[in-house]
Amino acid sequence: MGCLEGRAAIVTGAARGQGEAEARKFVAEGAFVVMGDVLDEQGEAVAAELGEQAVYRHHDVSSAEDWTRMVAEAVDRGPLRALVNNAAIHWTAPIAEETPESLRRIWEVNYLGTFLGIQSVAEPMAAAGGGGIVNVSSIAGMTGIAHHAAYGGTKWAVRGLTKVAAVELGPQGIRVNSIHPGPIETAMLAAERHGRPELFGHVPLQRAGVADEVADLACYLVSDAASYQTGHEYIIDGGSTAGIPLRPPPQN
């Protein structure tokens, strides 16, 4: 039996990348997964591949109505014991170039979407006997990074929200933690590093992570193996935030 056997879970942003890896991992560990995203064709293809243990639904995380539907679907499939708030949008821009409209949009998805997820699952998760919530933040929510005023601001907010939720929901048996990935191999990262072999020179492990490594961490945090862990940040960045590695001396 897998460590999530007989449980229902919701994973947002599950059509590709880290969310897809999390959905696959949860299914492999026995959960029924309700996958949400706005990339319908990709999400439906992943769910079809996963078979009877997964279903895909169009899900705008900034919509309270969409959250009501997602939670109802999960509760119909079993005790709702896990949520991964993974959905997010990302861009970089100098502070001088950001606009109120762009800030509102990124906050609606990255912060409001996470807040609504926590709010929506709290009651059914408590009724199921508790569970685990993972909020996917970023190393941009651990330190200041140039041109990340919009994105980084939302990820710092998700980090703070995680602690508030952990304090409020702990008495109901609900654990809330945040994951802070560094560079992870995705289609977006591949495009960003095209022609830039030096991109990971600052990473002590000298490589990007892969989505399965993030999924393994998320699965652990929603499982009973992490039953006494709540309100914490879990950094998965190859050592990026630990310090700058030594570089070999130039060759003559």
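**Figure 1. Asn 85 is buried, at a relative accessible area of 2%.** The model shown here and in the other views is predicted. Asn 85 belongs to strand β4, which covers residues 80-85. Leaving aside residues up to four places away in sequence, Asn 85 touches Thr 12, Trp 67, Gly 113, Thr 114, Gly 117, Ile 118, Ile 133, Val 134, Asn 135 and Val 136. Between Asn 85 and Leu 112 the C-alpha to C-alpha separation is 11 Å, with their positions 27 residues apart in sequence.

**Figure 2. Helix α3 packs on helix α4 with a right-handed crossing.** The two axes come within 10 Å of each other and cross at roughly 40°. At that angle α3 is oblique to α4, because the roughly parallel class is kept for angles under 35 degrees. On the α3 side, the contact is made by Ala 64, Trp 67, Val 71 and Val 75. The α4 side supplies Gly 113, Leu 116, Gly 117, Ser 120, Val 121 and Pro 124. By class, this contact has 7 nonpolar residues, 3 polar and no charged. Trp 67, Gly 113 and Gly 117, which take part here, are also among the residues that Asn 85 touches.

**Figure 3. Helices α4 and α5 pack with their axes 9 Å apart.** Helix α4 spans residues 100-127 and helix α5 residues 149-169, and the angle between them is about 15°. This makes α4 roughly parallel to α5, since angles under 35 degrees fall in that class. The crossing of α4 and α5 is right-handed. From α4, the contact takes in Leu 103, Ile 106, Trp 107, Asn 110, Tyr 111, Thr 114, Phe 115, Ile 118 and Ala 122. From α5 come Ala 150, Tyr 151, Gly 153, Thr 154, Lys 155, Ala 157, Val 158, Leu 161, Ala 165 and Leu 169. The residues of this contact comprise 14 nonpolar, 4 polar and 1 charged. Thr 114 and Ile 118 of this contact are among the residues touched by Asn 85.

**Figure 4. Arg 77 and Glu 73 form a salt bridge within helix α3.** Their closest N and O atoms are 3.1 Å apart. Helix α3 runs over residues 64-77, and the two partners are separated by about one helical turn because they lie 4 residues apart in that helix. Which partner is buried and which is partly exposed? Glu 73 is buried, at 16% relative accessible area, whereas Arg 77 is partly exposed, at 42%.

**Figure 5. A salt bridge joins Glu 233 to Lys 163.** The closest N and O atoms of the pair are 3.3 Å apart. The pair links distant parts of the chain, with Glu 233 in strand β9 (residues 233-236) and Lys 163 in helix α5, 70 residues apart. Glu 233 is partly exposed, with a relative accessibility of 25%. Lys 163 is partly exposed as well, with a relative accessible area of 34%.

**Figure 6. Arg 207 and Glu 213 meet through their side chains in a salt bridge.** The N to O distance is 2.8 Å. Arg 207 counts as partly exposed at 38% relative accessibility, and Glu 213 is partly exposed at 30%. Elsewhere, Glu 20, Arg 24 and Glu 49 are joined into one network by salt bridges that share partners. The structure holds 12 salt bridges.

How values were computed: Residues are numbered from 1 along each chain as its sequence is written. This is a predicted model: local features need pLDDT of at least 70, side-chain atom pairs count only at pLDDT 80 or more; totals for chains, interfaces and linings use all residues. Side-chain values use heavy atoms; hydrogens and water are left out. Axes are lines fitted to C-alpha atoms, for helices over the stretch in contact, and angles run from 0 to 180 degrees between N-to-C directions. Helices (H or I, at least four residues) and strands (E, at least two) are DSSP runs, numbered from the N terminus. Angles under 35 degrees count as roughly parallel, over 145 as roughly antiparallel, 65 to 115 as roughly perpendicular and the rest as oblique. A crossing is left-handed if the near helix is turned anticlockwise from the far one by less than a right angle, and right-handed if clockwise. Contact means heavy atoms within 4.5 Å. Ala, Val, Leu, Ile, Met, Phe, Trp, Tyr, Cys and Pro count as nonpolar, Asp, Glu, Lys and Arg as charged, and the others, Gly among them, as polar. A salt bridge is a side-chain nitrogen of Lys or Arg within 4 Å of a carboxyl oxygen of Asp or Glu. Buried means under 20% relative accessible area, exposed over 50%, partly exposed in between (1.4 Å probe, protein chains only).
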